[in-house]
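Biologist: Please take one part of this model and look at it closely. Where does it sit, and what surrounds it?

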Amino acid sequence: MELKANNHIIIFGQDIQANHILANHLKSFKEFSHLNVKTCEEFFDKKLNDIQRAFFELNLMARAFKVYSTKNSGFAGLIRMISADDRIVSYDKIFSSEKQFEIIKENIQRLKFHNLQIAASYFKLFDLSKNLKKPIQESLEYLLKALEFDKENMAYRIFIMKEFFNQNKYKEIDSMLKNILQTQAKEFLQTMLSPIFGEFECYFYDYVYFDDENFPYIVFMGSKICEFFRFSQRKKYLRLCYLKNEQERKNLLNLEKMSIPKYFFRSYKSNVRLALRLHRKIYKSQNITKKEYFNQIPLILMKALKDSFKQKYLIYKLFILDIIKK
């Protein structure tokens, strides 16, 4: 589009190899040979460290007439502040979701990008296909292709299991979880429970509510989520459920020894909101008395707040006292 408008182009991106591949592809069009297509790497001193490079790129980008980016780009947000005008153009304003889907699908392996880039493209197809309400199986295929090109990506596995939950394919989920927990439990739990991946919070309910002993690894995962949020009553209940499965009991007892990751949370508000929301739903779904429910709230709040920034811990204590009084 910009080449047809007779404009020069600079390509920015963290993947230097991908930048060069895209630049060379654009240069291959003879009708645009009179225009400059460069990558940002061609402009800065190779001695710059990562922080210096980031500042250089921001300043260079701020001098462009237009910057094409995703709508959620942090760099784009900074450019708005630096340039004091809105020269950022979101892809979503140019192409509809349907058009984006078609473009990616037709060109996904046209350029020889790294496997991780191809995996990300397949995941984008999955995301777009969900928004476009494509058939469930079609969306799942894109997700499986993403995992094929990025086999170590735990997030893709979590998304796949969510799709299986949507289809009530508990046998497939249980089988996947068994393999993951026996080989890559630490990596899986760190991804699943990490505050960086906030989109997984809504997936917790699938596991926490599940109590079918025929699929013990799903129940086990629910108990670990309860352990993370210190929902002791629900954790004990789920433990009794999965240990009823005599065939897997020994393996599950061994898995109980693995530790739950600890994190500094994003903010006390988000942690409190999530912790209480989960606790409320558990209370409604189980035979927990109101007294037990309210007795657990201070402990839940302490956990959520203590894991936040510790220098503000005194303020959090006051916040807890205020909640209890109310």
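Modeller: Start with Ser139, which is found in helix 7. Helices here are DSSP runs of H or I with at least four residues, strands are runs of E with at least two, and both are numbered from the N terminus. This is a predicted model, in which local features need pLDDT of at least 70 and side-chain atom pairs count only at pLDDT 80 or more, while totals for chains, interfaces and linings use all residues. Residues are numbered from 1 along each chain as its sequence is written, and side-chain values use heavy atoms, with hydrogens and water left out.

Is Ser139 buried or exposed? Its relative accessible area is 1%, so Ser139 is buried. Buried means under 20% relative accessible area, exposed means over 50%, and partly exposed lies in between (1.4 Å probe, protein chains only). Set aside the neighbours within four places in sequence. Ser139 is then in contact (heavy atoms within 4.5 Å) with Phe126, Ser129, Lys130 and Lys134.

Two of those names lead to helix 6. Phe126 and Ser129 are among the buried residues of helix 6. The others on that list are Ile118, Ala119, Tyr122, Leu125 and Leu128. What do they pack against? The buried residues of helix 6 pack against helix 5 (97–107), helix 7 (136–149) and helix 8 (154–166).

Check the length of helix 6 next. Helix 6 covers residues 115–131, which is 17 residues. The expected span of a helix is 1.5 Å times one less than its number of residues. That gives 24 Å for helix 6, and its end C-alpha atoms are 25 Å apart, which agrees.

Now go past the end of helix 6. Lys133 follows helix 6, in the loop between helix 6 and helix 7. Lys133 is not a glycine, yet its phi is positive, at about 60°. Lys133 counts as exposed because its relative accessibility is 73%.

Move on to helix 8, one of the partners of helix 6. Look at its start. Asn153 caps the N-terminal end of helix 8. A side-chain oxygen of Asn153 lies 2.9 Å from the backbone nitrogen of Ala155. Helix 8 has 13 residues and reaches 19 Å from its first C-alpha to its last, close to the 18 Å expected at 1.5 Å a residue.

How many of the residues of helix 8 are buried? The count is 12 of 13, so helix 8 is mostly covered. The buried residues include Tyr156, Phe159, Phe164 and Phe165. Charged residues are on the list too, including Arg157, Lys162 and Glu163. What covers them? Helix 6, helix 7, helix 9, helix 10, helix 11 (204–208) and helix 12 (216–228) are among the parts that do.

Take helix 10 first. The axes of helix 8 and helix 10 (residues 185–193) come within 9 Å and cross at roughly 70°. That makes helix 8 roughly perpendicular to helix 10. Axes are lines fitted to C-alpha atoms, for helices over the stretch in contact, and angles run from 0 to 180 degrees between N-to-C directions. Angles of 65 to 115 degrees count as roughly perpendicular, under 35 as roughly parallel, over 145 as roughly antiparallel, and the rest as oblique.

Which residues meet there? From helix 8 come Met154, Ala155, Ile158 and Met161. From helix 10 come Glu187, Phe188, Thr191 and Met192. They divide into 6 nonpolar, 1 polar and 1 charged. Nonpolar covers Ala, Val, Leu, Ile, Met, Phe, Trp, Tyr, Cys and Pro; charged covers Asp, Glu, Lys and Arg; the others, Gly among them, are polar.

Then take helix 9 (residues 170–183), where Met176 lies. Leave aside the neighbours within four places in sequence. Met176 is in contact with Arg157, Ile160, Met161 and Phe164. Met176 and Arg157 are 19 residues apart in sequence, and their C-alpha atoms are 8.4 Å apart in space.

The link between helix 8 and helix 9 is a loop, and Asn168 is found in it. Asn168 follows helix 8. Asn168 has a positive phi of about 60° although it is not a glycine. At 52% relative accessibility, Asn168 counts as exposed.

Finally, step back to the whole protein chain. It has 17 helices and 4 strands. Of its 326 residues, 43% are buried. Among contacts with a separation of 6 or more, 59% join residues 24 or more positions apart.

Terms used:
Polar contact = N/O pair within 3.5 Å; in protein donor to acceptor, adjacent residues only side chain to side chain.
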